[in-house]
Amino acid sequence: MFATFMISQLDALMLARIQFAFVISWHIVFPAFSIGLASFLTVLEFRWLKTGEPIYAEVYKHWVKIFAVVFGMGVVSGVVMSYQFGTNWAVFSDKAGNVIGPLLAYEVLTAFFLEASFLGIMLFGWGRVSKRMHFASTAIVAIGTLISGFWILAANSFMQTPQGFMVGADGLLYPTNWLEIIFNPSFPYRYAHMMTAAFLTTAFVIGGIGAYYLQSKKHIEHRKHGRVMLGMAMVMAIFVAPAQVLIGDMHGLNTLEHQPVKVAAMEGLWENERGAPLVLFGIPDQKAEKNHYEIKIPYVSGLILTHSLDGEVKGLKNWAPEDRPYVPIVFWSFRVMVAIGTLMVIVGLFSLYKYFKKQQFDPESKWFHRAWMMMTPLGFIALLAGWFVTETGRQPWTVYGVIRTAESMSPVAAQQVATTLIGFIVLYIIVFGAGSLYILRLIAEGPKPYEDPADDNFYEHSITEGQGRTLSGDSNASDNMEQNSSENSSDKDFDKPADDVDDGGLR
């Protein structure tokens with residue numbers, strides 16, 4: 001019934017766009033979180049190696065479990081997303097594949113293989129390899145996540161500001177300069193903006209959970225862990241949140257230069273205006289080409305975008321209706337992103353104040369800790385809102401100014417797309433819902449204390465005398481061991497590797 005309703009109300013193109021938006025919205029959350037977590041874990045393990053304080057190792061072991069789940073869900077959702085290029089967007093894959101395909105392949109060859117090679121050591125090597133080797137593996141996985149983001153953002157930025165290619169007589173895109181393709185005009189700003197968003201999102205999750213441990217009566221034994229989590233998150237909020245504002249401003253100016261129609265939709269401006277106002281609230285009406293119920297502040301948008309009180313900003317009416325994005329989504333997503341970013345800066349300033357008052361870990365600082373707990377999910381919302389601005393604002397193009405979205409779709413029926421969309425919704429709720437519940441369960445349990453300090457020492461690949469006798473075929477090894485123990489217990493240490501047996505080269 002639901003599929004019939006969707007088919008009657010939406011065509012195949014819109015259903016395919018909704019399906020891709022649904023899949024990528026799930027996917028983007030997990031890689032962004034894993035990028036931040038991997039770097040957080042690297043810093044944690046470095047501090048443990050430097051100080052020897054077990055508290056850092058305990059927090060590391062706690063969050064590495066969460067990282068494993070998040071990384072796995074990111075891989076699964078990424079595979080589903082990539083398949084859609086062949087099922088729903090085959091024409092786009094055919095036309096842009098000569099450029100987009102190699103960029104995605106480079107991501108697999110450099111980043112994913114690097115992560116996969118050392119992920120096993122990171123997750124299961126504690127106590128099985130040396131401390132330095134384990135730390136190196138964690139750091140390499142973190143570097144791999146940043147490299148992965150590099151290639152993915154390079155591919156997406158090319159779709160936003162394409163250069164370094166030519167269109168052949170067959171209508172296909174052919175690369176002419178790979179450096180121009182990779183380092184296209186919007187790439188540096190988008191990469192910095194996205195990586196910083198990943199770090200901030202992760203920081204506010206970790207800080208919010210640390211604040212929860214400091215306030216919860218059920219987690220009194222985890223208050224030391226909460227201090228570590230909140231303290232490290234505060235550094236990000238104090239220094240990185242304001243930096244993100246500056247990066248966002250530079251990114252906005254770059255977008256104004258290369259995609260001015262997107263900026264006009266973000267600002268809700270329909271007419272060319274000098275000293276353009278900042279529209280705080282409004283309901284964009286695409287048909288009437290105006291905003292209803294506007295609340296605006298004069299000159300602010302013009303000052304931000306042109307750095308001049310009388311600078312001119314182009315309005316949406318400069319473009320034909322079929323060349324404009326869907327304004328309400330871009331307009332409101334931008335405001336959600338900016339509002340949450342402002343809250344992050346405010347919480348960062350609040351954290352700085354509490355730091356100087358030396359009250360950041362005081363259980364009596366309830367409002368401070370509640371502010372951090374409130375911010376826990378907001379980073380993900382800001383991340384999605386920013387992605388909606390970027391992707392919806394690019395419409396109606398898949399490759400801006402080169403390939404239209406309507407020209408990119410596979411020849412599939414609306415019923416087929418609707419059926420798979422419903423299947424994805426059900427499957428994602430089950431799979432990722434279960435993964436999310438497991439993460440919440442790990443958070444509720446909290447970090448576990450060290451029970452065996454020997455876990456810090458990697459395994460020696462040698463054998464004891466008893467093991468050597470058993471391997472050499474001595475069926476009475478146990479009896480001989482007991483006899484030797486009673487006779488020469490003062491002269492022998494059976495924990496040491498045996499020197500008088502043939503171990504087959506195992507030592």
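Here are some notes on this predicted model, point by point.

1. Start with helix 11, which covers residues 327–357. At 1.5 Å a residue, its 31 residues should span 45 Å, and the end C-alpha atoms are indeed 45 Å apart, so expectation and model agree. Just past the end of helix 11, have a look at Lys-358, which takes a positive phi of about 60°.

2. Next, the pair made by helix 4 (residues 90–124) and helix 5 (residues 131–160). Their axes lie 7 Å apart and the packing angle is about 170°. Angles over 145 degrees count as roughly antiparallel, so helix 4 is roughly antiparallel to helix 5. As for what sits in the contact of helix 4 with helix 5, the residues divide into 22 nonpolar, 7 polar and 2 charged.

3. Now the hairpin. Strand 4 (residues 278–285) pairs with strand 5 (residues 290–297) in the antiparallel sense, over 6 bridges. If you want to trace the register by eye, Ile-283 has His-292 as its bridge partner in strand 5, and Pro-284 is partnered by Asn-291. In a regular strand, side chains alternate between the two faces of the sheet.

4. The turn of that hairpin deserves a glance too. There are 4 residues between strand 4 and strand 5. Glu-289 sits in this loop and has a positive phi of about 55°, although it is not a glycine. Most residues other than glycine have a negative phi.

5. What lines the second largest pocket? This pocket holds about 1200 Å³ of space, and 45 residues line it. Nearest its centre are His-193, Gly-248, Phe-334, Met-337 and Val-338. By class, the lining comes out as 24 nonpolar, 16 polar and 5 charged residues.

6. Several elements contribute to that pocket. Those supplying at least two lining residues each include helix 7 (187–215), helix 8 (223–258), helix 9 (260–267), helix 10 (300–306) and helix 13 (378–394). Some elements from the points above turn up here as well: helix 5, strand 4 and helix 11 each supply at least two residues of the lining.

7. Last, a backbone detail after helix 13. Which two residues does a cis peptide bond join? They are Gln-395 and Pro-396, with omega at about 10°. Pro-396 is placed in the loop between helix 13 and strand 7 (397–399). Most peptide bonds are trans.

Terms used:
Residues are numbered from 1 along each chain as its sequence is written. This is a predicted model: local features need pLDDT of at least 70, side-chain atom pairs count only at pLDDT 80 or more; totals for chains, interfaces and linings use all residues. Side-chain values use heavy atoms; hydrogens and water are left out. The expected span of a helix is 1.5 Å times one less than its number of residues. Two strands pair if DSSP finds at least two bridges between them. Axes are lines fitted to C-alpha atoms, for helices over the stretch in contact, and angles run from 0 to 180 degrees between N-to-C directions. Angles under 35 degrees count as roughly parallel, over 145 as roughly antiparallel, 65 to 115 as roughly perpendicular and the rest as oblique. Ala, Val, Leu, Ile, Met, Phe, Trp, Tyr, Cys and Pro count as nonpolar, Asp, Glu, Lys and Arg as charged, and the others, Gly among them, as polar. On a 1 Å grid over the protein atoms alone, a cavity is a set of points where a 1.4 Å probe fits but cannot get out, and a pocket is an open set with protein on both sides within 12 Å along at least five of seven lines; lining residues have an atom within 4 Å of a point. Grid points are joined across faces, edges and corners, and a volume is the space filled by probe spheres set on the points.
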